[in-house]
Amino acid sequence: MKMSLLFITLIIGLVSGALIYGYTPAKSFVDKWLGAIAPYEDRRIQYRFKDPVVNSAFALHVEGRSDEARTRINAALTANPSNAEALYYLGRVDLDQKKYDDAVIHLKEAAKLDAKLPDVWSYMAMAYLGLGQPRNAMDALQHVSSQPTGAPSASPQSSPTPAG
């Protein structure tokens, strides 16, 4: 009984890490495991940014060139301060760099402009957890659970997160 409870806890931990994708010490194992249980992985919904500057910044950040990505995103925001995609991705960069206050500000503004951005509420919840604010994280997650199942943000891996 004790061993099966430990095994179940381990599985729950790995699946939770997989849902947050990129925030698990067993990332390579989880990637292989998810590939084994999700044969249609290549067919899942992938969010594509409409703004080419944000697309290129996204690619730079995934490659580990976050400072260059931040520069491009800031340029896009200078040209259009209400660019929801740029704000969303700036929040993602902030979150990956553990700048939780900035991440919350940018993600909140992006959600205000476009609440259908992929996983915006999930990333906001992670930023709140980084700040030690579990109540605010739960409030953000309430938005996730209220999303229709066909929405693009319903995919827990709608866009990759760079390995950290």
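**Salt bridges and burial in a predicted model**

Analyst: Counting each Lys or Arg side-chain nitrogen within 4 Å of an Asp or Glu carboxyl oxygen as a salt bridge, the total here is five salt bridges. Please keep in mind that this is a predicted model.

User: Happy to start there. Why is the pair Asp94 and Arg70 called a salt bridge?

Analyst: The closest N and O atoms of Asp94 and Arg70 are 2.8 Å apart. The cut-off is 4 Å, so the pair of Asp94 and Arg70 qualifies as a salt bridge. Asp94 sits in helix α5 (residues 84–96) and Arg70 in helix α4 (residues 66–79), so this bridge links distant parts of the chain, 24 residues apart.

User: Are Asp94 and Arg70 buried or exposed, and how do you know?

Analyst: Buried means under 20% relative accessible area. Asp94 has 0% relative accessibility, so Asp94 is buried. Arg70 has a relative accessible area of 15%, so Arg70 is buried as well.

User: What makes Glu68 and Arg65 a salt bridge?

Analyst: Their closest N and O atoms lie 2.8 Å apart, and the rule asks for a distance within 4 Å. Therefore Glu68 and Arg65 count as a salt bridge. There is a wider link here too: Glu63, Arg65 and Glu68 are joined in a network of salt bridges.

User: How do you class the accessibility of Glu68 and Arg65?

Analyst: Partly exposed covers the range between the 20% and 50% limits. Glu68 has a relative accessible area of 37%, so Glu68 is partly exposed. Arg65, at 36%, therefore counts as partly exposed too.

User: How do you know that Glu109 and Lys112 form a salt bridge, and where do they sit?

Analyst: The N to O distance between the side chains of Glu109 and Lys112 is 3.6 Å. That satisfies the rule of within 4 Å, so they form a salt bridge. Both are in helix α6 (residues 100–113), and because they are three residues apart, about one helical turn separates them. As for exposure, Glu109 is at 32% and so counts as partly exposed, while Lys112 is at 64%; exposed means over 50%, so Lys112 is exposed.

User: What makes Met138, Leu141 and Val144 a nonpolar patch?

Analyst: A patch needs residues with over 30% relative accessible area and no salt bridge, with nonpolar side chains joined within 5 Å. Val144 shows the first of these conditions nicely: its relative accessibility is 31%, so Val144 passes that cut-off. Val144 is in helix α8 (residues 134–145). Together, Met138, Leu141 and Val144 have about 230 Å² of accessible area.

User: What is notable about the phi of Lys98, and where is that residue?

Analyst: Phi of Lys98 is near 60°, a positive value in a residue other than glycine. Lys98 belongs to the loop between α5 and α6. With 60% relative accessibility, set against the limit of over 50%, Lys98 is therefore exposed.

User: And the chain as a whole: how many helices and strands does it have, and what share is buried?

Analyst: The protein chain has eight helices and zero strands. Of its 164 residues, 38% count as buried. The chain exposes about 9,600 Å², with carbon and sulfur atoms supplying 61% of that area. Among contacts between residues at least 6 apart in sequence, 53% join residues at least 24 apart.

Notes:
Residues numbered from 1 in each chain as written. Predicted model: local features only at pLDDT ≥ 70, side-chain atom pairs only at ≥ 80, totals over all residues. Heavy atoms only, no water. Helix = DSSP H or I, 4+ residues; strand = E, 2+ residues; numbered from the N terminus. Buried < 20%, exposed > 50% of the residue type's maximum accessible area, 1.4 Å probe, protein only. Contact = heavy atoms within 4.5 Å. Areas by Shrake-Rupley, 256 points an atom, 1.4 Å probe, with all protein chains shown as cover. Patch = residues over 30% accessible without salt bridge, like charges linked within 9 Å, V, L, I, M, F, W, Y side chains within 5 Å.
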